[in-house]
Amino acid sequence: MTSKAVEAGPALPRRAFVAAALSAVVAGGAVALGIIGQTTIAKTESFRFSRGTSLADGEEERLRGVLASALPDDRMHVVIVGHTGTSGDADANLDLSVKRAEVAAQMARAMGLPDDRLTVTGIGGSAPLSQEDGESDRAYQSRMARVDVTVQVRR
């Protein structure tokens with residue numbers, strides 16, 4: 001018996017693969033919990049970054065409001081997923097997305113949300129948004145610089 005070598009396209013960097021897999025697990029877990037009745041409320045909001053790890057104007061106040069909604073009930077859990085655009089180095093984007101998620105997580109911790117009620121990850125540019133008709137590439141890449149924050153109630 002002989003085996004043929006299979007040609008493959010460029011390999012997905014391991015860190016990007018792991019980040020994408022973790023994101024899928026987090027999202028899948030939220031869906032599964034909703035299906036089996038363990039999550040009664042799930043609300044996701046996106047918060048934009050102007051550059052690097054600096055939230056865009058007005059986003060910090062909005063983020064604090066969403067995080068505050070999780071404080072009064074110990075059943076509430078917050079999932080924070082950092083994102084970047086798709087251009088540039090994938091490893092650098094992954095690192096930046098983790099840092100963005102950590103900015104939001106640090107705010108949650110400072111407000112009194114314990115780590116056991118937080119899930120924090122970054123996925124780089126592996127989950128891009130759809131580009132809108134007439135949207136420039138620059139505006140599109142900028143719009144993807146965000147964290148998605150999901151607040152869910154677990155029974």
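Hi everyone. Let me begin with one residue, His-83: it is buried, with a relative accessible area of 3%. His-83 has its place in strand β3, and that strand will be our guide today. Please keep in mind that what we are looking at is a predicted model.

Let me stay with His-83 for a moment. What does it touch, once we set aside its neighbours within four places in sequence? The contacts of His-83 are Ser-97, Arg-100, Ile-123, Gly-124, Ala-127, Met-144, Ala-145, Arg-146 and Asp-148. Asp-95 sits 12 residues away from His-83 along the chain, and the C-alpha atoms of the two are separated by 9.8 Å.

Now let's step back to the whole chain. It has four helices and five strands, and if you read along the sequence you meet them in the pattern α-β-β-α-β-α-β-α-β. There are 155 residues, and 35% of them count as buried. If we take the contacts with a separation of 6 or more, 74% of them are between residues 24 or more positions apart.

How far can we trust the picture? The average pLDDT of the chain is 84, and 73% of the residues score at least 70. Among the elements, helix α3 has the highest mean pLDDT, 98, while helix α1, residues 14-35, has the lowest, 54. Over residues 31-39 the pLDDT stays under 50, and for that stretch the model has 12 contacts beyond four places in sequence. Where pLDDT is low, the predicted coordinates should not be read in detail.

Back to our guide, then. How many residues of β3 are buried? The count is eight of its eight residues, so to speak a strand that is mostly covered. Met-76, Val-78, Ile-80 and Gly-82 point one way from β3, His-77, Val-79, Val-81 and His-83 point the other way, and all are buried. Take Val-79, which lies in this strand: Val-79 is buried, with a relative accessible area of 8%.

Which strands pair with β3? One of them is β4, residues 118-122: β3, residues 76-83, runs parallel to β4, and five bridges join the two. Within that pairing, Ile-80 stands opposite Val-120, and Val-81 stands opposite Thr-121. Val-120 also brings us back to Val-79: the two are 41 residues apart along the chain, yet their C-alpha atoms are separated by 6.0 Å. Together with helix α3, residues 90-110, the strands β3 and β4 make a right-handed β-α-β unit.

Another partner is β5. Here the pairing with β3 is antiparallel, over eight bridges. Ile-80 turns up again, this time opposite Val-149 in β5. Strand β5, residues 146-154, is mostly covered too, with eight of its nine residues buried.

Next, helix α2, residues 59-68. Its buried residues include Glu-59, Leu-63, Val-66 and Leu-67. Why do we say that they line one face of the helix? Seen down the axis of α2, the buried residues fall within an arc of 100°, so they line one face.

That takes us to the inside. The largest nonpolar core has 22 residues, and those with the most contacts inside it are Phe-47, Leu-63, Leu-67, Val-78, Ile-80, Val-147 and Val-149. Each of β1, α2, β3, α3 and β5 supplies at least two residues of this core. Which element gives the most? That is α3, with five residues.

Phe-47 is a nice one to click on. Leaving aside neighbours within four places in sequence, Phe-47 is in contact with Leu-55, Glu-59, Arg-62, Leu-63, Val-66, Ala-145, Arg-146, Val-147 and Val-149. Among those, Glu-59, Leu-63 and Val-66 are buried residues of α2.

To finish, let me return to β3. Strand β3 is joined to β4 by five bridges, pairs with β5 over eight, and supplies at least two residues of the largest nonpolar core. Thanks for listening!

Terms used
Residues are numbered from 1 along each chain as its sequence is written. This is a predicted model: local features need pLDDT of at least 70, side-chain atom pairs count only at pLDDT 80 or more; totals for chains, interfaces and linings use all residues. Side-chain values use heavy atoms; hydrogens and water are left out. Two strands pair if DSSP finds at least two bridges between them. A crossover is right-handed if, with the strands pointing away from the viewer, the path from the first strand over the helix to the second runs clockwise. pLDDT is the predictor's confidence in each residue, from 0 to 100. Contact means heavy atoms within 4.5 Å. Buried means under 20% relative accessible area, exposed over 50%, partly exposed in between (1.4 Å probe, protein chains only). The arc is that of the directions from the helix axis to the C-beta atoms. A nonpolar core is a set of buried Ala, Val, Leu, Ile, Met, Phe, Trp, Tyr and Cys residues joined through side-chain atoms within 4.5 Å.
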